[in-house]
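Have the viewer open beside you while you read. We will begin with a single residue and then work outward to the whole chain and its partner.

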Amino acid sequence: MPTVAKGDAMRGLAVFISDIRNCKSKEAEQKRINKELANIRSKFKGDKTLDGYSKKKYVCKLLFIFLLGHDIDFGHMEAVNLLSSNKYTEKQIGYLFISVLVNTESELIRLIIQAIKNDLFTRNPVHICLALQCIANIGSKEMAEALAPEIPKLIVSGETLDAVKQSACLCLLRLFRTSPETVPSGEWTQRVGHLLNDQHLGVVTSATSLIHTLAQKTPEDFRQCVQLAISRLSRIVTSSYTDLQDYTYYFVPAPWLSVKLLRLLQVYPPPEDPAMRGRLNECLETILNKAQEPPKSKKVQHSNAKNAVLFEAINLIIHHDTEPTLLVRACNQLGQFLQHRETNLRYLALESMCLLASSEFSHEAVKKHMDTVITALKTERDVSVRQRAVDLLYGMCDKSNAEEIVAEMLSYLETADYSIREEMVLKVAILAEKYPVDYTWYVDTILNLIRIAGDYVSDEVWYRVIQIVINRDDVQGYAAKVVFEALQAPACHENMVKVGGYILGEFGNLIAGDQRSSPMVQFQLLHSKYHLCSAPTRGLLLSTYIKFINLFPEIKGQLQDVLRNNNNLQNADAELQQRAIEYLQLSTVASQDVLATVLEEMPPFPERESSILAKLKKKKPNVSDIEVKEGKKSSNPPTLNNSAANTPEATPASAPVPVMAAAPAPAPVQSASDDLLGLSAGPAAAVPVTNNFAAPAAPAGGGGLLVDVFDTPPAQNNVSTALAPQAEDNFFKFAIKNNGVLFENELLQIGVKAEYKGNLGRLGLFYGNKTSYPFQFFTPTVSCPGELASALNVQTKPLDVNTVEGGAQVQQIINVECIADFLDAPILSIKFSYSGSMQQINLMLPVMLNKFFEPVEMDATTFFNRWKQLNSPGQEEQKIFKATYPINQDNSRTKLLGFGFGLLDGVDPNPDNFVGAGIIKAQSSQVGCLLRLEPNMQAQMYRLTLRTSSNSVTTRLADLLLKLF
Amino acid sequence: MIGGLFIYNHKGEVLISRVYRDDIGRNAVDAFRVNVIHARQQVRSPVTNIARTSFFHIKRSNIWLACVTKQNVNAGLVFEFLNKMVEVMQSYFGKISEDNIKNNFVLIYELLDEILDFGYPQNADTSILKTFITQTGIKAQVTKEEQSQITSQVTGQISWRREGIKYRRNELFLDVLENVNLLMSPQGQVLSAHVAGRIVMKSYLSGMPECKFGINDKLVLDKSGRSDDPSKVSATGKASIAIDDCTFHQCVRLSKFETEHSISFIPPDGEYELMRYRTTKDISLPFRVIPLVREVGRTKMEVKVVIKSNFKPSLLAQKIEVRIPTPLNTSGVQVICMKGKAKYKASENAIVWKLKRMGGMKESQISAEIELLPSDKKKWSRPPISMNFEVPFAPSGLKVRYLKVFEPKLNYSDHDVIKWVRYIGRSGLYETRC
């Protein structure tokens with residue numbers, strides 16, 4: 001680089017700056033600046049042209065004024081003029097001014113781009129570098145569009161200097177990051193890959209950054225780089241630190257380049273070629289070996305550089321997850337770091353070990369460090385490190401060490417930071433559930449958890465323990481005993497009261513034999529907590545009392561006294577009041593037999609996925625990856641879910657008695673919510689309770705009546721007898737198109753042409769005879785099964801002929817009118833006789849709800865307003881599902897458009913996400929629908945959120961959409 | 001009430017810090033510095049609220065004075081106090097500057113102890129303060145009588161005047177000082193105008209005189225039924241003025257003013273401000289500014305400004321200064337004026353035209369050619385042309401009708417007092433849009 005010549009010192013600028021610095025007040029500074037600006041304006045205005053030096057000086061001053069926070073609205077032209085100067089310093093100041101001050105909308109941008117182009121094509125490398133820097137600094141879309149095609153030429157040209165190549169690579173990287181679509185891939189991509197072989201390490205370093213980013217987008221284009229990267233890496237790793245001279249940083253050869261190469265390799269799966277694989281493993285081993293060597297310098301930079309390479313290597317090993325020896329070595333290396341003095345190193349070691357714990361090869365090795373991790377948990381001063389330790393313990397836990405780890409976590413929980421308590425509670429709950437030694441242990445653990453950190457125990461956790469106790473009859477007695485003991489503590493948490501109340505209400509009789517826990521004692525114990533609890537808990541306790549009346553008739557009097565208490569009968573809380581009144585009535589009116597039936601023990605719960613896990617995932621989205629991995633391999637250890645699933649299930653609908661038993665519980669079991677127990681005792685629960693208790697007024701028929709209430713309507717599917725094989729597949733294709741082949745076999749082909757307008761539709765069916773023989777008695781009929789008949793009006797024009805000649809085609813018109821929303825499709829059944837044998841084909845007519853869709857355009861604010869309006873439960877349906885088809889922006893777009901949504905661009909800040917709106921036009925009602933579809937490329941998952949003004953439409957549309965993606 | 005008072009230099013360093021209440025912590029000092037003095041955007045509002053703490057500040061030259069409170073206090077009171085405080089300090093050591101404050105900081109703390117008690121403003125009368133807070137140090141022998149005199153005076157009924165004052169010549173000076181504010185449209189339509197006036201007196205009278213002061217206030221004149229006196233109307237152009245609101249020095253007997261609309265008082269010794277008032281009706285504007293701005297293309301602008309004096313030809317206005325703002329992209333200015341001196345001041349983005357004096361009913365003009373640098377930025381906002389001047393009459397039309405002095409104990413009458421009356425009208429914010 002040319003040094004600044006003496007004459008370029010710009011005295012005027014120095015004087016100006018020192019003037020400003022000496023100003024005593026803001027006002028004085030403002031005055032000085034105004035004066036200078038006027039001076040510069042007069043100079044720029046002056047008729048005589050300024051020489052380069054003074055132009056540079058004034059532009060510098062303007063730049064300085066701008067950086068002080070003042071507005072500059074002139075001088076751009078002069079700066080652009082400076083670009084065409086041949087002097088380095090002048091050009092440099094011009095570029096500096098432009099990259100700081102020129103905004104992308106400026107009219108001058110064309111001029112600037114032209115100037116940059118000129119510089120790009122000069123032979124002077126310094127000028128090219130300046131131009132490249134300017135492009136990268138501005139990095140706007142216009143720049144990218146105008147100049148992106150030129151830069152790859154510079155990179156691959158043989159004449160370009162190394163320094164220029166470096167700049168060009170980094171510049172292209174920047175442009176690619178701002179607008180990937182403007183950087184065309186071409187044959188240069190091949191040659192960029194070969195830059196990894198370049199002599200100059202600087203070029204290799206910058207090229208690796210570029211390749212890494214490009215390879216993330218199109219891995220296929222750069223597959224050949226793997227080999228080059230491995231050989232480059234092995235050359236660096238095996239070289240001694242004296243070989244690389246400039247690129248050795250504190251005795252570590254080219255640490256940045258190594259890290260980048262290792263990252264690049266993480267884009268790809270492990271190489272298949274055994275030779276390459278061997279070489280890579282050799283490299284990784286060398287890196288691990290080097291970590292064992294004594295440090296060559298005491299400087300922190302040395303160890304930082306060394307560890308950076310090491311951690312990246314370990315990441316690569318974890319990413320490949322194929323070499324057991326390497327994984328174990330990595331694990332041992334990390335184990336050493338666990339006791340290192342450096343907090344950062346310990347943090348990183350714990351973090352990487354979390355990943356290692358999920359690999360089947362190194363899981364055992366990780367487990368060896370359990371003691372160290374536990375000590376870290378107890379002694380570490382930094383909360384973020386402790387958090388990692390908790391994560392790691394969670395990750396390394398399996399059946400063998402669960403008891404110990406859970407015990408440790410519980411004991412730590414008492415002193416844990418408030419910020420990580422809730423997460424820890426969830427983790428303990430999950431581990432206890434996942435790796436139970438026996439159920440008594442599980443119950444003990446969870447109750448301990450509630451005792452220690454009751455405030456942080458979310459509802460899901462205690463729902464779950466009740467669910468498990470109810471499903472496992474061998475622990476019920478034990479659970480009752482334990483909760484009874486736990487409740488005896490003078491101060492116990494409300495969650496404990498809830499669990500205690502529920503379990504004693506169900507299984508209090510199992511421990512009633514003991515004098516110390518006689519019914520009276522149990523009741524008094526619970527009631528002593530009653531007044532300290534919140535309303536929902538009191539409601540739950542009232543249910544317990546009514547259950548007690550059934551279990552222990554001997555204390556009925558006392559219990560009724562409580563229910564009769566004014567405090568309850570006239571409680572301001574409607575729910576409590578209602579319960580007290582109804583339970584009191586129930587206990588006085590109903591006979592013992594009725595009571596016994598009504599207040600039967602709860603039936604086992606149907607198995608569901610543990611919602612604690614879902615909760616943890618929601619809290620920490622990044623955990624989910626580990627969870628998914630774990631879920632794959634840890635299918636062997638029996639979990640509570642599996643074992644509990646073996647118990648015979650009784651669905652509420654089929655058994656009348658359990659339904660009644662459910663009634664005293666705060667909410668009925670059949671509620672469709674995802675709650676574990678459906679125990680949420682909100683005001684909504686009051687309604688079903690009332691329904692149930694309409695029955696006791698007529699005790700005789702009560703049971704039967706209730707069954708009717710909860711019985712599902714008779715199955716509707718019996719009409720659709722055996723659909724033709726491919727009918728279903730083809731059917732869903734029609735969700736997004738109107739014309740096509742609905743059915744085809746060796747005899748018959750049915751084509752459909754359809755058009756829809758508003759709530760009306762017309763389908764043309766084309767029956768083609770593929771054989772050379774005629775079809776006799778050809779009679780297609782359309783029927784609407786079940787409730788569809790009232791939602792859809794279908795008019796079929798009978799065929800004028802009932803014979804279809806060989807090779808001929810007949811047409812049938814069907815008119816459809818949508819009256820209300822519907823789910824099922826009408827059934828088209830075709831009967832004909834072919835060469836003497838009767839044939840019948842049943843098909844679903846491709847008429848779906850979305851056919852009566854009309855797209856709607858709206859802007860972001862209206863969209864979000866409407867979106868917010870539709871927020872009541874049931875109006876929203878959210879599904880997270882795995883993509884059936886590869887995720888592709890354009891395909892998804894066409895699908896959604898075909899489905900009938902109007903796509904709204906620019907509503908969602910993330911361009912990958914889709915936002916759509918439409919109206920379903922039924923005759924009876926019009927239903928507005930809003931949609932958001934968020935693809936997740938990495939996980940190949942979608943998240944679909946629908947909000948409509950009608951509950952049924954929401955679910956129906958969601959079901960349809962689910963099948964499309 | 002006021003929780004504390006801080007004085008900062010221009011760099012934001014604390015020179016004086018006095019906290020009166022516990023709810024103001026030390027961090028308040030820094031909060032003001034960070035959020036107001038060193039704020040990125042200049043803070044224009046004199047009241048700033050930071051974290052439920054209110055800061056009231058004024059600035060004198062390079063010195064910031066800030067009052068802090070957590071309570072909902074009367075902002076007018078706080079600013080009145082701050083200005084009074086500045087006045088007191090000026091009377092003790094002259095100009096408010098960093099050096100002066102540093103050199104007198106013991107004195108300032110002493111004053112702060114006296115004029116604020118637990119945040120409540122106390123007697124801040126300079127002449128009284130000077131009797132017991134001196135810069136020379138208290139003389140060792142203060143007699144019992146002197147001490148009791150000070151006590152009785154500070155706590156007594158007439159705290160502003162001590163007894164036993166004697167002058168050989170009984171003299172009295174009265175200044176009517178007015179600031180006239182105006183905003184006028186380019187076409188000469190008055191958009192808003194008001195006069196803020198003060199009556200400042202300097203009295204050198206013996207004993208405990210009782211004074212009565214009369215002005216041509218419309219209310220008073222209507223009441224006495226003399227407003228329809230035709231001779232008066234012809235003499236001053238208008239017989240009486242309507243005062244919108246006024247405030248008095250504490251020496252004025254407010255009960256008498258309320259019942260009889262007469263201003264009677266026992267004056268303090270030396271200089272003091274007797275009353276302040278504001279009028280908005282029938283203001284005689286001393287000057288009229290007629291601007292003419294023409295933009296010739298994108299790079300040139302022509303400005304012509306005519307000023308007309310609008311008062312009796314016998315009077316002479318002084319210190320006239322017209323400030324014509326120039327666009328922000330001005331690259332050169334040529335000015336031509338017949339009278340006075342005009343100059344383009346780049347540091348203020350304005351052409352400043354100064355005239356030493358100008359008689360009544362005259363007119364004068366300036367024309368300028370402004371060269372501009374082409375700029376694609378938004379149009380120039382055309383700030384108004386402002387003007388400064390001093391005229392020897394009261395633009396509100398206020399006239400002193402009488403000032404009578406009665407001293408029953410000592411034997412001098414109203415006629416023995418020599419009285420001087422002076423009217424000065426100055427420009428406040430005197431602007432004309434262009």
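Leaving aside its neighbours within four places in sequence, which residues is A:Ile819 in contact with? Please keep in mind that this is a predicted model. The list for A:Ile819 consists of A:Ser790, A:Ala791 and A:Asn793, together with A:Ala922, A:Gln923, A:Ser924 and A:Ser925. To find A:Ile819, look in the loop of chain A between strand 8 (809-818) and strand 9 (827-834). Its relative accessible area is 22%, and because values from 20% to 50% fall between buried and exposed, A:Ile819 counts as partly exposed. One more distance is worth checking on screen: the C-alpha atom of A:Ile819 is separated by 9.4 Å from that of A:Leu760, a residue 59 places away along the chain.

**A buried arginine**

Now turn to A:Arg947, which sits in strand 16 (residues 941-948) of chain A. Is this arginine buried or exposed? With a relative accessible area of 13%, A:Arg947 is buried, because the cut-off for that class is under 20%. Neighbours within four places in sequence aside, A:Arg947 is in contact with A:Trp867, A:Lys868, A:Leu870, A:Asn871, A:Gln875 and A:Glu876. A:Gly928, A:Cys929 and A:Leu930 are also in contact with A:Arg947.

**Chain A as a whole**

Stepping back, chain A holds 44 helices and 16 strands. Of its 965 residues, 52% count as buried. Contacts in chain A between residues at least 6 apart in sequence join residues at least 24 apart in 68% of cases. The accessible surface of chain A comes to about 44,100 Å², and carbon and sulfur atoms account for 52% of that area.

**Where chain B meets chain A**

How many residues of chain B are in contact with chain A? There are 24, and they touch 17 residues of chain A. The size of an interface is often given as the accessible area lost when the parts come together. Between chain B and chain A the buried area is about 1,600 Å², with 47% of it from carbon and sulfur atoms.

Across this interface the rule finds 2 salt bridges. One of them joins B:Glu348 to A:Lys31, with the closest N and O atoms 4.0 Å apart. There are also 4 residue pairs in polar contact between chain B and chain A, counting pairs with both residues at pLDDT 80 or more. On the side of chain B that touches chain A, strand 17 (330-337) and strand 20 (363-372) of chain B each supply at least two residues. The residues of that side divide into 7 nonpolar, 10 polar and 7 charged.

**Two loop residues with positive phi**

Most residues other than glycine have a negative phi, and most peptide bonds are trans. Chain B offers two residues to set beside that background, B:Ala51 and B:His261.

| Residue | Phi | Loop in chain B | Relative accessibility |
|---|---|---|---|
| B:Ala51 | near 50 degrees | between strand 3 (47-50) and strand 4 (53-60) | 66% |
| B:His261 | near 60 degrees | between helix 9 (254-260) and strand 12 (263-265) | 22% |

Phi is positive in B:Ala51, a residue other than glycine, and likewise in B:His261. As for their surroundings, B:Ala51 counts as exposed, whereas B:His261 is partly exposed.

Conventions
Residues numbered from 1 in each chain as written. Chains lettered and ligands numbered in written order. Predicted model: local features only at pLDDT ≥ 70, side-chain atom pairs only at ≥ 80, totals over all residues. Heavy atoms only, no water. Helix = DSSP H or I, 4+ residues; strand = E, 2+ residues; numbered from the N terminus. Buried < 20%, exposed > 50% of the residue type's maximum accessible area, 1.4 Å probe, protein only. Contact = heavy atoms within 4.5 Å. Areas by Shrake-Rupley, 256 points an atom, 1.4 Å probe, with all protein chains shown as cover. Buried area = accessible area lost by both parts, 1.4 Å probe. Salt bridge = Lys/Arg side-chain N within 4 Å of Asp/Glu carboxyl O. Polar contact = N/O pair within 3.5 Å; in protein donor to acceptor, adjacent residues only side chain to side chain. Nonpolar A, V, L, I, M, F, W, Y, C, P; charged D, E, K, R; others polar.
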